[in-house]
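Subject: Structure handover

Hello,

Here is the structure for you to look at. My notes on what was found in it follow below.

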Amino acid sequence: MRHLLLIITAILASLALQAQNKGPEWLSEAVIYQIYPSSFMDSDDDGIGDINGIISKLDYVQRLGVNTIWFCPMFASTWQDGGYDVTDFYSIDPRFGSNDDMKRLVLEAHIRGLKVCLDLVAGHTSDQHPWFKASARQDANRYSDYYMWTDSISEAELATLERRHRTHDPAIATWGSYGLANAPRAKYYRKNYFEFQPALNYGYANPDPSDPMQQPIDAAGPKLVKQEMRKIIAYWLDMGVDGFRVDMASSLIKNDTDKSENIKLWQQMRRWMEKHYPQCVLIAEWSNPEQALQSAFHIDFMIHFGLRGYDALFFPKGAPDCGPYDYCYFDASGLGDATPFITNFTKAYTATRELGYISIPTGNHDIIRPNYGTRNTVEQLKVKMLFHLTMPGVPCIYYGDEIGMKYQPGLPSKEGSRERAGSRTPMQWTEGWNAGYSTCDPRMLYLPLATEGGTLTVEAQDKDKNSLLNFTRALIKLRHQLPALGNDGSWQMLSDPARYPMVFQREKDGQRLVVVINPSGKKANTSFDTQAISGKEVFSTGKVHYSIGKQLDHVTVQPFSAAIFQ
């Protein structure tokens with residue numbers, strides 16, 4: 001008997017450890033809503049969104065059914081790259097308000113049961129940051145080795161840098177690894193993305209002893225930078241923030257081919273956070289869940305780089321960041337192939353389901369919105385939304401996708417956005433003046449609107465029971481109600497990913513569901529091993545027929561239709 005009790009105790013301890021590894025309990029119910037703060041709601045009539053505007057719309061966010069908000073960068077910035085060029089990690093940018101305003105935002109969000117996650121640009125700063133200016137000086141000071149400096153770069157790097165300076169071609173603005181400073185400290189510095197974003201010095205995984213710029217990860221400079229980043233995180237968590245999404249999370253330590261040192265770095269951060277802030281989370285922009293969730297992150301996005309497949313699902317040929325595919329799977333032609341996504345997702349999901357959560361966002365500030373090109377009807381957008389809200393992991397809805405806001409191609413670059421401007425346009429609240437986003441002169445708007453005569457607004461869709469907005473609300477509610485449909489429910493692909501429709505199974509606590517998705521404009525059907533379900537329809541966008549057989553179940557799906565069966 002005592003032996004049996006010991007076994008049971010060990011099993012329970014193991015299960016508890018697994019649960020702890022996945023993070024705070026609230027993650028099991030998390031649905032994220034991503035907000036680009038400059039574009040959400042303007043309260044002071046300058047055409048740019050702000051914190052008070054966000055606070056005025058928290059009831060809307062709560063009613064949507066999400067419970068976590070991730071804000072794109074809100075720290076002080078020069079706004080050459082949409083806030084990802086930080087000049088002060090301890091201050092809210094004046095365009096949004098003050099630190100006190102942020103405290104009030106966190107409080108008001110928590111009153112409504114909403115968690116708040118900020119965007120942490122951990123790998124670089126603006127070249128206007130006081131740290132960088134101090135580091136560029138000849139005299140030794142605390143910030144001397146916060147960055148990586150050299151007087152010598154390769155001929156190839158020099159040619160790339162000179163071409164950037166000579167042509168000012170936006171297409172090559174991020175090429176190369178170095179920026180030109182001609183500073184007292186040295187001539188060049190290591191950059192991360194644009195030249196005005198010098199990389200912070202976390203050290204090199206395999207430093208070249210002949211290159212003094214390449215400091216080991218345990219050198220004084222990298223140690224100070226890690227201490228500073230921990231201090232920044234603590235500052236905002238102490239204010240009540242619930243976590244961070246970390247920009248370019250895998251890029252901090254350089255020359256780390258297998259990312260093993262970056263993984264160790266974040267594991268150290270995770271242990272520190274679990275000790276001092278156990279209810280707070282880390283979300284990675286890594287796009288390689290096996291590395292990110294093995295590292296320290298509770299969530300990793302599977303998006304358009306890293307572990308490929310997202311583009312095969314959603315990016316039509318010719319779209320920004322599209323892959324080598326003639327058709328994407330969520331295309332009316334019905335000629336797409338989901339195999340690249342399903343293959344990579346299956347492997348990553350199997351390896352990480354006990355470690356954390358994969359998130360497949362509807363879109364984000366860097367990529368096209370679902371409403372793009374010929375994918376522009378309510379029926380099509382509902383099918384895509386149903387996919388996102390029935391997959392395992394933590395769903396993430398980009399602001400405006402719940403009302404089908406359009407990606408607007410060809411907009412002028414705004415604050416370094418380039419083609420990304422089309423996904424950063426103001427939220428469309430009402431019919432009429434500036435779609436309710438701002439009372440400013442329309443010429444002052446952060447970016448232009450595209451409401452399709454007022455139909456792509458919260459006001460219009462709130463009144464329409466068949467709208468995408470009310471569909472999204474209902475589906476989020478259903479996800480919270482059905483254990484199998486939730487973040488921790490198991491997932492198994494049932495159909496051939498190269499064909500239509502897509503069929504997969506979700507299961508938890510004895511509940512089994514089958515999800516059928518046909519994003520094409522053609523009728524589709526398929527058969528799969530019988531699932532021992534009743535075949536009763538739980539939720540649907542259109543006509544989907546489910547037939548139960550002794551060995552095989554069969555579905556017939558009309559164009560642009562999807563359904564959930566139990």
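To begin with one pair of residues, Val544 has Val557, in β20, as its bridge partner. Please keep in mind that this is a predicted model.

That pair belongs to the contact between β19 and β20 (residues 552-557), two strands that run antiparallel and are joined by 4 bridges. Both are part of an open sheet of 3 strands, in the order β17-β20-β19, with antiparallel pairing. The edges are taken by β17 (524-529) and β19 (544-547); each has a single partner strand, so one side of each is left without a neighbour in the sheet. From one strand to the next, the twist averages 15°.

Next, look at β15. This strand covers residues 502-508, and 5 of its 7 residues are buried. It pairs with β14 (residues 490-493) in the antiparallel sense, over 4 bridges. Within that pairing, Met493 is opposite Phe504 of β15. Strand β15 is also joined to β16 (residues 511-518), by 7 bridges, and these two run antiparallel. Here Arg506 has Leu513, in β16, as its bridge partner. The hairpin of β15 and β16 has 2 residues between the strands, and Asp509 takes a positive phi near 50° in it.

The last item is Gly454, in the loop between β13 (396-398) and α13 (458-463). Is this glycine, Gly454, buried or exposed? Gly454 is buried because its relative accessible area is 5%, and the cut-off for buried is under 20%. Leaving aside residues up to four places away in sequence, Gly454 touches Glu431 and Ala460. Between the C-alpha atoms of Gly454 and Ser527, which are 73 residues apart along the chain, the separation is 42 Å.

Regards

Terms used. Residues are numbered from 1 along each chain as its sequence is written. This is a predicted model: local features need pLDDT of at least 70, side-chain atom pairs count only at pLDDT 80 or more; totals for chains, interfaces and linings use all residues. Side-chain values use heavy atoms; hydrogens and water are left out. Two strands pair if DSSP finds at least two bridges between them. Axes are lines fitted to C-alpha atoms, for helices over the stretch in contact, and angles run from 0 to 180 degrees between N-to-C directions. Buried means under 20% relative accessible area, exposed over 50%, partly exposed in between (1.4 Å probe, protein chains only). Contact means heavy atoms within 4.5 Å.
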